[in-house]
Amino acid sequence: VTMSTIFPTGVDLTTHRLLRYMEMSKSFCRGCLADVYFHNPRGSNNRLNERSANRRNANRCFDSQNNNRGGYNVGDKSNQAFTAETEQHRMRHFQSGPSNGGRSTLLLEWTNQHGCGGNENTDSHKLNCNLVLQYMCQPQQGGPADNRDKLRNGANTNTQNFSPLNNARQLGTETQQQKQSRKNNNVRTDRVLQESWEWYDKCRIRQRNQGLFTADQRLRTNNGLGYSAAIYTRQNPNGNRYGYECPEERDYYPYWHPSDWKDIAVMPFNVSLCGWYKGESYNVKMRYECIETYPNSNNIRHRSRWNNEADCKGNGGQWTGFTNYLEYASQYTTQAACNAANTNNAGIRYVWGIPHDFLATRLQARCLVALSAPDCVEAPWTRVNHLGNTRTGQASRYVWTLPHFPSGKEYNCIVRLRYNISTDDYDPFNTNSTHNENRVLGVRSPVQQNPNIDIGVGNIPLRLAINTAQYGRTFQDRSHVIKLIPRPAGFESSTIHNINVRGKRGNIVQTYPAVEYDFIPNDIQVKVNDLVHFQWAGSNTHNNGNPAGDGQAGDAGEGTRGTDRNNIVQIRDKMENFPMPFENSTMWKNVELIWSGVGQPAASSNEDIAVTMASSGYYLCMSATTCQGQSMESKAALNNLLNNAPASFPGIMLRFKSRGTYYYISTRNNNFTNRSQKGVIRII
């Protein structure tokens, strides 16, 4: 079985047809500079609540390959640093309506250092770049019953534990109870969980794809079970563990086995590949893996050694196809009913298939809400060696239309960004395992580690800086847990826009490679009667202290050290820096309160809304007759630098009733000549 490297030609493990796969190549990074960072939603880069500029544990959850300084802490609900996960803030975004209803959009923003974008034929770059945006979700209600299996940020920065099987005999003899005991002894509910324990155990036991190009790297050939498994790749030859992430799945896209990730968008180095990517996405194309049962039981195992159909069947396994999906459609219990449901007027598509479920004990086909093929667009153009903006003057962006979950359930989700760079120093479409270094057979890899090159001038060799573990490389960032929540009743067809805050405390040098505060988007155009959801997350531990790695420590800014605070007040013009008094403001007099995440009373006046936004939710109204103890009349005075306001604002959703252009500012963070935090909303 062969599979190859960067956009290679290889053999599909399911059908043995020739296909091309892109290697999302990862590698080891020691002291490397910044690479790819999510700014909205806030990317963790494996951070949680560190007071240092450096993250504490690069192996906490996933292999980012990024600088230790990058990332944002998880949000705090109050003005105090969290001590338990229940005290963390999770950003909440409204789902889209049915396909014939309203869209809910979230602006994803990131920066990548090594360049990207440009058309291969007409606007070529210095490298090949590919970006993939994905998400995974679990329902808040009806999800895993055991807290060990739930998506979470964790309350400390430790990596989840893992106890492997130690010999090949245990592969066949381990019972379901023994497997569960291993898991129960490993998984801690106070540590981060994204991929499941079963996902990593499966990866460690499944044989790696022997058809992949590994250059002159020497991958380990013994995972304790007598063969080389999928935890070993060209860029992770020693099989280092990052949470419960599977290195082989991380490095290759589209992956040839089923996973829990759903594709949002692919941004290839050449858009002529878009048709192929859309057709090969697990969103729309079944993926296969080998299914075995426990000894003396009909219950299925979550893992198998065999990675292809022939070996699977030859060793008594069942080669099984799995269908990716948005959520279960449990109301349709037969295939006929599932197929018939596709005549609905809401535009929801259903498919009958076997879902990938790491907790399943039996193979069971069921009705699933189908996914669409991912969007495929040209990547935003950025220059090489510059962690900055695109040609438009903004950071790289993609507008994600959030999914519609027909069940009406609330979902906890993770958003993932992978950024791959590669070169044309070897044929990316036709280089595979037959080109791997093999001195016995006289095969030389097309790329060598730090080679000396004779350029024909006096026989003077020149050394090139080539690390074959990084020739083709992937960086990654992920969000903290966010929530996708159902819409308020009666607004299924309304368009919803999200306005958030990016950045963290500190000046431009202290925050780097993160960014300073700004609204995102900071210039938005919406239609009359569209809905606008204002919300943000902030931490009380963004001190950016030592260790600071290769950057500057410090947390320059206003108010209590290490704390994020934001608010919104209207200004007359974006060139000005003084707020307008409420009696002169126009922004809040043109809105209707649709929903509140802070308990804003439905009877709130426009003045109440203004004071809520100005105080970051510390006050909810002016008069105690409207909101009792949360009013300006009843509550202790707000600190003028928002020190006693909550770090995060769950938000309110407003409808703008007529046309107008409104400018606004954050009073605490806007600091002329140091940083600007202003926004404009244009109602048309």
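User: Buried means under 20% relative accessible area, exposed over 50%, partly exposed in between (1.4 Å probe, protein chains only). Which word fits Y135, buried or exposed?

Analyst: The structure is a predicted model, where local features need pLDDT of at least 70, side-chain atom pairs count only at pLDDT 80 or more, and totals for chains, interfaces and linings use all residues. Residues are numbered from 1 along each chain as its sequence is written, and side-chain values use heavy atoms, with hydrogens and water left out. The relative accessibility of Y135 is 4%, so Y135 counts as buried.

User: How many aromatic pairs does a search of the whole structure find?

Analyst: Rings of Phe, Tyr and Trp (its six-membered ring) pair if their centres lie within 6.5 Å; planes under 30 degrees apart count as stacked, over 60 as edge-to-face, the rest as tilted. One of the pairs joins Y135 and W400, with 50 degrees between the planes and 5.2 Å centre to centre, and is tilted. The number found in the whole structure is 19.

User: How many residues apart in sequence are the parts that Y135 and W400 tie together?

Analyst: W400, at 4% relative accessibility, counts as buried. Y135 belongs to strand β9 (residues 128–139) and W400 to strand β17 (residues 396–401); strands (E, at least two residues) and helices (H or I, at least four) are DSSP runs, numbered from the N terminus. The pair therefore ties together parts whose separation in sequence is 265 residues.

User: Which helix holds W197, the partner of F162?

Analyst: F162 and W197 form a tilted aromatic pair, with centres 5.8 Å apart and 40 degrees between the planes. Both residues are buried. F162 is in the loop between β9 and α1 (168–173), 35 residues from W197, which lies in helix α3.

User: Which residue do ring pairs link with F162 and W197 into a cluster?

Analyst: F162 and W197 pair with each other. Ring pairs extend this to a cluster of F162, W197 and a further residue, Y200.

User: Which strands are the edge strands of the open sheet?

Analyst: The sheet has 4 strands in the order β25-β31-β30-β27, and its pairing is mixed; two strands pair if DSSP finds at least two bridges between them. An edge strand here pairs on one side only, and this holds for β25 (523–526) and β27 (569–571).

User: Which residue of β31 stands opposite D523?

Analyst: Strand β31 covers residues 678–683. β25 and β31 pair in the parallel sense over 4 bridges. Opposite D523, in β31, stands V680.
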